[in-house]
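Student: Could we go through this structure together, one question at a time, with the reasoning spelled out before each result?

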Amino acid sequence: MATLKRMKAWNLPTHLILILVCTVMIYPIVWWLGASLKTNAEMSLPGIFPSDPQWSNYVKGWTAIPDYTFSRFFANSFIIELFSVTGSVVSASLVAFGFARVNFRYSKLWFALLMLTMMIPSQVIVIPQYVMFSDLNWINTYLPIIVPHFFGGGGFFVFLLVQFIRSIPRELDESAKIDGCTTFGIYFRIIMPLVKPALVTVAIYSFLWTWDDFFQQLLYINSVEKFTVGLALRLFMDSQSTVEWGQMLSMSLLSIIPSVIVFFLAQKQFIEGIATTGLKG
């Protein structure tokens with residue numbers, strides 16, 4: 001009983017600290033929600049929630065862009081996400097399997113060079129990439145955003161999957177070869193089912209980074225009809241007219257819902273993939 005009481009006494013400060021930290025973290029979201037229900041005149045007034053919530057901000061904000069609704073912008077964003085996430089998962093897993101399981105000449109050198117790409121600032125390659133995509137007539141299309149995901153998906157994703165694949169005993173590969181399994185069969189039937197948590201982690205990161213990647217979308221997409229949600233939110237900031245803050249905040253709040261849903265649906269696999277990456281079996 002004494003031990004139980006000491007444990008409860010110890011847990012109380014811990015729980016209080018956790019509650020405080022959670023309150024601090026969730027406050028901006030609560031303020032965001034309250035501000036999305038305000039008029040412009042109420043934005044500078046004290047208090048989180050207005051006395052008369054303007055739920056119409058969500059309706060007006062959805063149709064605020066002339067000739068288009070946010071249904072179009074969300075659809076554009078999901079099209080990019082579908083191909084980007086698929087490309088990252090498939091290509092990164094193939095490249096990682098090659099580095100982790102296939103013996104080829106200078107594999108360590110190539111893997112080191114791949115890791116070095118993670119240290120190159122993205123700003124350094126912006127101009128060469130833009131020139132290359134311009135020569136390919138890809139400007140004002142989704143190709144500059146989507147296609148790179150089909151070429152390894154990025155050094156971080158490959159590194160993550162390589163560490164996970166290396167934790168799988170090679171005896172499984174040898175048993176599969178004895179049963180007549182090909183190299184691709186080992187990849188598809190043995191390795192991929194076992195690295196599912198890591199693949200989910202790659203998919204979540206790819207989704208979040210692509211969804212939040214405002215700069216590349218701004219750089220390569222020019223037509224309003226092809227705008228993503230992030231670019232559409234920028235249209236609210238018109239210097240020649242009054243900015244409807246409530247409508248803009250309501251749409252920006254809706255824009256984070258897909259990311260939140262994706263994370264919570266795959267939370268278990270995501271945590272498992274992060275926690276077990278790099279552990280040796």
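Tutor: Yes; please keep in mind throughout that this is a predicted model. We can begin with charge on the surface, where Lys108, Arg166, Arg170 and Lys177 form a positive patch.

Student: In which helix is Lys177 found, and is Lys177 buried or exposed?

Tutor: Lys177, a member of the positive surface patch, is found in helix α8, which covers residues 171-178. Exposed residues are those with over 50% relative accessible area. Lys177 has a relative accessible area of 55%, so Lys177 is exposed.

Student: How many salt bridges does a search of the whole structure find, and which side chains meet there?

Tutor: Opposite charges on side chains can pair when the charged atoms come close. The search of the whole structure finds one salt bridge. It has an N to O distance of 2.5 Å and joins the side chains of Asp173 and Arg101.

Student: Which parts does the pair of Asp173 and Arg101 tie together, and is Asp173 buried or exposed?

Tutor: Asp173 lies in helix α8 and Arg101 in helix α3, so the pair ties together parts that are 72 residues apart in sequence. The cut-off for a buried residue is under 20% relative accessible area. Arg101 has a relative accessible area of 9% and is buried; with a relative accessibility of 8%, Asp173 also counts as buried.

Student: Which helix gives the most to the nonpolar surface patch?

Tutor: The nonpolar patch has an area of about 980 Å², and among its residues are Leu109, Trp110, Leu113 and Leu116, along with Phe159. Leu113 lies in helix α4 and counts as partly exposed at 38% relative accessibility. With four residues, the helix that gives the most to this patch is α4, residues 107-116.

Student: What is the phi of Asn137, and what is the phi of Asn140?

Tutor: Most residues other than glycine have a negative phi. Asn137 lies in the loop between α5 (126-135) and α6 (143-146), and Asn140 is found in the loop between α5 and α6 as well. Asn137 is exposed, with a relative accessible area of 65%, whereas Asn140 counts as buried at 18%. Both have positive values although neither is a glycine: phi is near 60 degrees for Asn137 and about 70 degrees for Asn140.

Student: How far apart are the end C-alpha atoms of helix α10?

Tutor: Helix α10 runs over residues 196-211, and its 16 residues, at 1.5 Å a residue, should span 22 Å. Many of its positions are covered, with Pro197, Leu199, Ile204, Phe207 and Trp211 among the buried residues. The distance between the end C-alpha atoms agrees with the expected span, at 22 Å.

Student: What distance separates the C-alpha atoms of Pro148 and Ser84?

Tutor: Pro148 has its place in the loop between α6 and α7 (155-166), where it is partly exposed with a relative accessible area of 34%. Pro148 and Ser84 are 64 residues apart along the chain, and the separation of their C-alpha atoms is 8.4 Å.

Student: What distance separates the C-alpha atoms of Ile80 and Asp212?

Tutor: Ile80 lies in helix α3, residues 70-101, and is buried, with a relative accessible area of 1%. Ile80 and Asp212 are 132 residues apart along the chain, and their C-alpha atoms are separated by 12 Å.

Conventions. Residues are numbered from 1 along each chain as its sequence is written. This is a predicted model: local features need pLDDT of at least 70, side-chain atom pairs count only at pLDDT 80 or more; totals for chains, interfaces and linings use all residues. Side-chain values use heavy atoms; hydrogens and water are left out. Patches are made of residues with over 30% relative accessible area and no salt bridge: like charges are joined within 9 Å, nonpolar side chains (Val, Leu, Ile, Met, Phe, Trp, Tyr) within 5 Å. Accessible areas come from the Shrake-Rupley method with a 1.4 Å probe; for residues, only the protein chains shown count as cover. A salt bridge is a side-chain nitrogen of Lys or Arg within 4 Å of a carboxyl oxygen of Asp or Glu. Lys and Arg count as positive and Asp and Glu as negative; His and the chain ends are not counted. The place of a charge is taken as NZ of Lys, CZ of Arg, CG of Asp or CD of Glu. Helices (H or I, at least four residues) and strands (E, at least two) are DSSP runs, numbered from the N terminus. Buried means under 20% relative accessible area, exposed over 50%, partly exposed in between (1.4 Å probe, protein chains only). The expected span of a helix is 1.5 Å times one less than its number of residues.
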